[in-house]
Amino acid sequence: MAIDSKTGTKVLGYLLFVMLGMAPQLLQNAIFAETPMFCNTLPEGQKISSFIVAAFMFANIVTIVYFIVQNIHPLPDIMSISVIIVVSGWASILVAFFWADTFHGISLSLLAMSFIAAAMGNTSVLVFFAFASSFYPIFTSALSVGYSLSGAFAFLIYLAQNYFAQSPRFSSETYFLISFFALVLFSSAFVVILMMKAKFGDTFSP
């Protein structure tokens with residue numbers, strides 16, 4: 001049975017929204033998945049995982065501030081998404097090269113990047129789903145699928161690094177660079193979605 005062009009466009013759109021959903025929380029998930037490696041390297045030892053979770057929690061302050069600002073002076077979703085993607089990308093690069101840096105025995109660099117990653121990831125839930133709501137409902141469900149797959153993808157990178165290996169197959173620096181390139185790939189879906197919306201119009205949004 002032949003698939004008409006509208007159906008094909010919606011299938012492609014669904015896949016693009018899945019990809020887009022995998023992007024904003026990828027670094028946050030990647031940092032958390034890599035905590036067993038941090039425990040063996042950083043001065044906090046086993047406690048580093050608790051500190052990372054605390055940084056994630058404190059990052060909700062940024063989400064609350066964004067929510068307040070959005071109610072007072074709404075910001076365009078496209079601009080907010082672009083900021084989240086760019087900041088997450090830079091944070092991915094910085095954590096790759098500076099995660100092991102400490103300040104007075106505190107893994108300040110990693111914790112700062114954890115805070116930024118969570119601030120972007122947590123806030124993205126407000127922004128990305130607001131953006132998806134201007135499209136057909138099926139694309140909102142696709143975005144949800146992408147969010148759920150993001151953690152699994154980060155864990156797969158960690159398994160590739162450590163599973164059935166007496167020592168890591170590649171360094172944490174390489175691990176985070178892989179995460180960065182995956183983030184760039186998934187984020188590219190955003191540009192394609194905007195292009196397809198401009199080209200196909202009612203096939204993508206009501």
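Two exercises with worked solutions follow.

The model is predicted, so local features need pLDDT of at least 70 and side-chain atom pairs count only at pLDDT 80 or more, while totals for chains, interfaces and linings use all residues. Residues are numbered from 1 along each chain as its sequence is written, and side-chain values use heavy atoms, without hydrogens and water.

**Exercise 1.** Classify the aromatic pair of F17 and F135 and state which parts it ties together.

Step 1. Rings of Phe, Tyr and Trp (its six-membered ring) pair if their centres lie within 6.5 Å; planes under 30 degrees apart are stacked, over 60 edge-to-face, and the rest tilted. By this rule there are 13 aromatic pairs.

Step 2. For F17 and F135 the centres are 5.1 Å apart and the planes make 70 degrees, so the pair is edge-to-face.

Step 3. Helices are DSSP runs of H or I with at least four residues, numbered from the N terminus. F17 lies in helix α1 (residues 5-22) and F135 in the loop between α7 (108-132) and α8 (137-162), so the pair ties together parts 118 residues apart in sequence.

**Exercise 2.** Find where the buried residues of α6 lie around its axis.

Step 1. Buried means under 20% relative accessible area, exposed over 50%, and partly exposed in between (1.4 Å probe, protein chains only).

Step 2. The buried residues of α6 include I81, I84, I85 and S88. The buried residues cover an arc of only 165 degrees, taken from the directions from the helix axis to the C-beta atoms, so they are on the same side of α6.

Step 3. The face turned away from that buried side carries the exposed residues W90 and F97.

Terms used:
Helices (H or I, at least four residues) and strands (E, at least two) are DSSP runs, numbered from the N terminus.
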